[in-house]
Amino acid sequence: MNSIDDIFEIAPEEWLKALPQYQQTIINEMYVELGDYEKVAQSWLSPSTPSNVPFGAGKDTKLYFDKVLDELEAFLRGDKRYEENRVAILKESGAVQNYVVGIISGALAIHLGAAAVFIAPAVAIGLLTIGKMGVNAWLSYREEKRKDK
């Protein structure tokens, strides 16, 4: 791999296949119900989701999801905190999604104070969204969103 952008050369929905089957099933059921992956990620991070009881994010799941996206953005923009993790991904030619989701989730979890297994679905959904939009478009969108606050 030459660039971190190369990880997005797959169909966006493939990112969900990086998750364990039980998480895929829950995410897919939530998507059928909610119809929006961002809402699914926010709901996943909610302490009321049965599968995440030991890892709950607290009351404000939108804020927590925004923090996950902030860290994902930092990862993709080249933040020095994530240099080792990006290098690990780039060294793997043809890195598979579960490897990439695992590396990114583990790296972000340290800075978010969460378990990697808990935030992995939110990371996979973030990567799915980025894959649909394109990295540069997503980064620009995040920048514009910050300006609007």
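Arg142 is buried, with a relative accessible area of 5%. This arginine belongs to helix H7 of a model that is predicted. The present report starts from that residue, follows its salt bridges, and then turns to the rest of the chain.

## Arg142 and its partners

Beyond the residues up to four places away in sequence, Arg142 touches Asp66, Leu69, Asp70 and Glu73. Two of these contacts are also salt bridges: the side chain of Arg142 pairs with that of Asp70 at 2.3 Å, N to O, and with that of Glu73 at 3.2 Å, N to O. Side chains of opposite charge can pair when their charged atoms come close.

Asp70 lies in helix H3 (residues 61–77) and Arg142 in helix H7 (residues 135–147), so their salt bridge ties together parts of the chain that are 72 residues apart in sequence. The bridge between Glu73 and Arg142 likewise links distant parts, running from helix H3 to helix H7 across 69 residues.

The two acidic partners can be described by their accessibility. Asp70 has a relative accessibility of 36% and counts as partly exposed. Glu73, at 4%, counts as buried. Arg142, at 5% relative accessibility, is buried because the cut-off for that class is under 20%.

## The wider set of salt bridges

The count for the model comes to 11 salt bridges. Asp70, Glu73, Arg77, Arg142, Glu143 and Arg146 are linked in a network of such bridges. Arg146, a member of this network, is placed in helix H7. Its relative accessible area is 40%, which makes Arg146 partly exposed. Leaving aside neighbours within four places in sequence, Arg146 is in contact with Glu73 and Arg77.

A further salt bridge joins the side chains of Asp79 and Arg81. Asp79 is partly exposed at 27% relative accessibility, and Arg81 is partly exposed at 38%. The table lists the three pairs described here.

| Acidic residue | Basic residue | N to O distance |
|---|---|---|
| Asp70 | Arg142 | 2.3 Å |
| Glu73 | Arg142 | 3.2 Å |
| Asp79 | Arg81 | 3.1 Å |

## The chain as a whole

The chain has seven helices and zero strands. Read from the N terminus, the order of elements is α-α-α-α-α-α-α. Of its 149 residues, 42% count as buried. The chain exposes about 7,700 Å², and carbon and sulfur atoms supply 52% of that area.

Contacts between residues at least 6 apart in sequence can be sorted by separation, and 60% of them join residues at least 24 apart. The bridge from Asp70 to Arg142, across 72 residues, is one example of a link between parts that are separated in sequence.

## Packing of helices H4 and H5

Two packed helices are described by the angle between their axes and the distance between the axes. For helix H4 (residues 83–91) and helix H5 (residues 97–112), the axes come within 10 Å and cross at roughly 175°. H4 is therefore roughly antiparallel to H5, as angles over 145 degrees fall in that class.

On the H4 side, the residues that meet H5 are Asn85, Ala88 and Ile89. Their counterparts in H5 are Tyr99, Val100, Ile103, Ile104 and Ala107. By class, the contact has seven nonpolar residues, one polar residue and no charged residues.

## Two further buried positions

Ser105 also lies in helix H5. At 1% relative accessibility, Ser105 counts as buried. When neighbours within four places in sequence are left aside, Ser105 is in contact with Ala116, Ile119, Ala120 and Val123.

Ile27 is placed in helix H1 (residues 21–34). Its relative accessibility is 0%, and Ile27 counts as buried. Apart from neighbours within four places in sequence, Ile27 is in contact with Leu16, Leu19, Tyr37, Val40, Trp44, Pro121 and Ile125. Ile27 and Ala41 stand 14 residues apart in sequence, and their C-alpha atoms are 8.3 Å apart in space.

Methods. Residues numbered from 1 in each chain as written. Predicted model: local features only at pLDDT ≥ 70, side-chain atom pairs only at ≥ 80, totals over all residues. Heavy atoms only, no water. Helix = DSSP H or I, 4+ residues; strand = E, 2+ residues; numbered from the N terminus. Buried < 20%, exposed > 50% of the residue type's maximum accessible area, 1.4 Å probe, protein only. Contact = heavy atoms within 4.5 Å. Areas by Shrake-Rupley, 256 points an atom, 1.4 Å probe, with all protein chains shown as cover. Salt bridge = Lys/Arg side-chain N within 4 Å of Asp/Glu carboxyl O. Axes fitted to C-alpha atoms, helices over the stretch in contact; angles between N-to-C directions. Parallel < 35°, antiparallel > 145°, perpendicular 65-115°, else oblique. Nonpolar A, V, L, I, M, F, W, Y, C, P; charged D, E, K, R; others polar.
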